[in-house]
Each structure stands twice: as structure tokens, then as C-alpha cells.
Amino acid sequence: MTSEHYVVRRSARRRTTMGIVREAGTLVVLVPARMTARQERELIPGFVSRFLEQEAGRRPPTGDAALTARAAELSARYLAEPGQPMPAFTVSWSSRQHQRWGSCTTATGQIRLSDRLQQMPDWVADYVLVHELTHLLERTHSARFHALVARYPEAERAKGFLEGWSSAQGLAMAED
């Protein structure tokens with residue numbers, strides 16, 4: 001049995017498959033309208049458990065050391081310039097960031113990510129990491145800055161995700 005609450009929504013359009021979506025933090029299991037109560041009891045708990053296991057595997061690292069290591073991987077993959085060393089940096093989670101997703105102190109290389117990102121998909125946290133790492137190379141949000149961030153293939157998708165999340169929470173978020 002799963003440890004997370006979920007809601008079952010029947011769909012006349014769905015014929016044979018089940019699906020899961022998150023709506024405002026709640027898991028919604030989409031099932032065919034003709035699914036019986038017995039099938040529901042037998043199939044849905046395992047389906048939800050598998051989904052949660054997969055989802056947990058797609059979360060950002062929880063420790064600061066692992067987060068810094070992930071940032072180093074992203075930096076090498078998307079921001080490294082031949083012959084130019086990346087400035088030294090450290091990354092940590094912050095519970096004090098309520099208006100921003102991340103911040104970077106370029107003088108020290110200290111990057112802080114809002115701990116709210118820990119509950120989001122890893123590609124969203126990766127985008128914020130790439131954004132903050134880019135500030136080590138380009139301090140302002142210049143055309144060069146945006147071109148560097150755009151090297152991360154999920155950049156636009158992640159920005160949309162964060163904007164949608166902020167809107168759903170009724171928050172106006174600063175870019176960084």
C-alpha cells in the first residue's frame with residue numbers, strides 16, 4: 001500500500017490504461033470509467049507505489065555535497081568552455097529563500113537553492129543550478145547569459161514549470 005494520499009478520477013475517454021498526474025500537490029489516478037471497484041482495489045495501490053518510487057528517483061540530491069557534485073556535472077556538460085576553467089563554487093540548500101529559487105554570490109562562488117526545489121523534478125532543480133552557475137560566468141541577465149542558460153535542454157520547460165507552480169501557489173517569484 002502507498003503512503004501518499006491519492007484521488008481516483010474516472011474517465012469515459014480512457015479505455016484500457018491508467019495514468020497519474022499531480023494537481024496542486026495531490027496525486028490524481030486516472031482510470032477507465034468501466035473499471036470495477038475490485039480492479040481498483042487490486043491495481044491502483046501498486047500503480048501508485050511504482051509511480052512514487054520512480055518519482056523519488058527523479059528528485060534532486062538532498063545533501064549539500066551531492067548537490068555540489070551535481071552542479072559540477074551540469075557545469076562540465078553545459079557551461080564548460082575549452083581552455084577556460086570554471087570558477088570554484090559550493091552549493092547548499094536554503095530554507096530562507098521564499099522569493100527566489102536560487103541565488104549566487106559571485107565573489108565567493110556560493111550558490112544557494114530554495115529547499116522548495118527538493119520536492120520538484122530533478123530537471124527543474126538542474127535548471128536553477130545551471131542558471132545560478134551561469135552567474136559565475138556572466139553576472140547580469142545579458143544576451144550571453146541567456147544563451148549560456150539555453151544550453152541546458154530543459155531550460156524553457158523548467159521555466160514554465162516554475163512559473164506554473166508559482167501561479168498555482170499565488171506567488172510572484174523573482175527570477176533569481
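1. What pattern does the protein follow when it is read along the sequence? In this predicted model, the succession of elements is β-β-β-α-α-β-β-β-α-α-α, and the protein has five helices and six strands. Along its principal axes the C-alpha trace spans about 60 × 30 × 30 Å.

2. On the matter of exposure and contacts, buried residues account for 39% of the 176 residues in the protein, while the accessible surface comes to about 10200 Å², with 51% of that area belonging to carbon and sulfur atoms. If one takes the contacts between residues at least 6 apart in sequence, 50% of them join residues at least 24 apart.

3. One open sheet is formed by three strands in the order β1-β3-β2, and its pairing is mixed. β1 (6-11) and β2 (19-23) stand at the edges with a single partner strand each, so one side of each is left without a neighbour in the sheet. From one strand to the next, the twist averages 30°. The pairing of β1 with β3 (residues 26-32) is parallel and extends over six bridges; as for individual positions, Arg-9 stands opposite Leu-30 in β3.

4. Another open sheet, also of three strands, has the order β4-β6-β5 and again a mixed pairing. Its edge strands are β4 and β5 (102-105), each of which pairs on one side only, and neighbouring strands of this sheet are turned by 20° against each other on average, direction ignored. β5 and β6 run antiparallel and are joined by four bridges, and the bridge partner of Gly-102 in β6 is Leu-113.

5. Two helices lie against the sheet just described. α2 lies across β4 and β6, running at about 130° to β4, whereas α3 lies across β4, β5 and β6, running at about 150° to β6.

6. Helix α3 (residues 122-135) also allows a simple check of its geometry: at 1.5 Å a residue, its 14 residues should span 20 Å, and because its end C-alpha atoms are 20 Å apart, the model agrees with that expectation. The helix is mostly covered, with 13 of its 14 residues buried.

7. In soluble globular proteins, nonpolar side chains tend to be buried together. Here the largest nonpolar core has 30 residues, and those with the most contacts inside it are Val-91, Ile-111, Leu-113, Leu-117, Tyr-127, Tyr-152 and Leu-162. The elements that contribute two or more residues to this core are α2 (64-79), β4 (90-94), β6 (110-114), α3, α4 (143-149) and α5 (155-169). The largest share, eight residues, comes from α3, the helix that lies across β4, β5 and β6.

8. Which residues is Ile-111 in contact with, once its neighbours within four places in sequence are left aside? They are Phe-89, Thr-90, Val-91, Ser-92, Ser-103, Cys-104, Glu-132, Leu-133 and Leu-136. Among these partners, Val-91 is listed with Ile-111 among the residues with the most contacts inside the largest nonpolar core.

9. Finally, there is a second, separate core, which consists of ten residues and includes Tyr-6, Leu-27, Met-35 and Val-48.

Technical notes
Residues numbered from 1 in each chain as written. Predicted model: local features only at pLDDT ≥ 70, side-chain atom pairs only at ≥ 80, totals over all residues. Heavy atoms only, no water. Expected span 1.5 Å × (residues − 1). Buried < 20%, exposed > 50% of the residue type's maximum accessible area, 1.4 Å probe, protein only. Pairing = 2+ DSSP bridges. Axes fitted to C-alpha atoms, helices over the stretch in contact; angles between N-to-C directions. Contact = heavy atoms within 4.5 Å. Areas by Shrake-Rupley, 256 points an atom, 1.4 Å probe, with all protein chains shown as cover. Core = buried A, V, L, I, M, F, W, Y, C linked by side-chain atoms within 4.5 Å.
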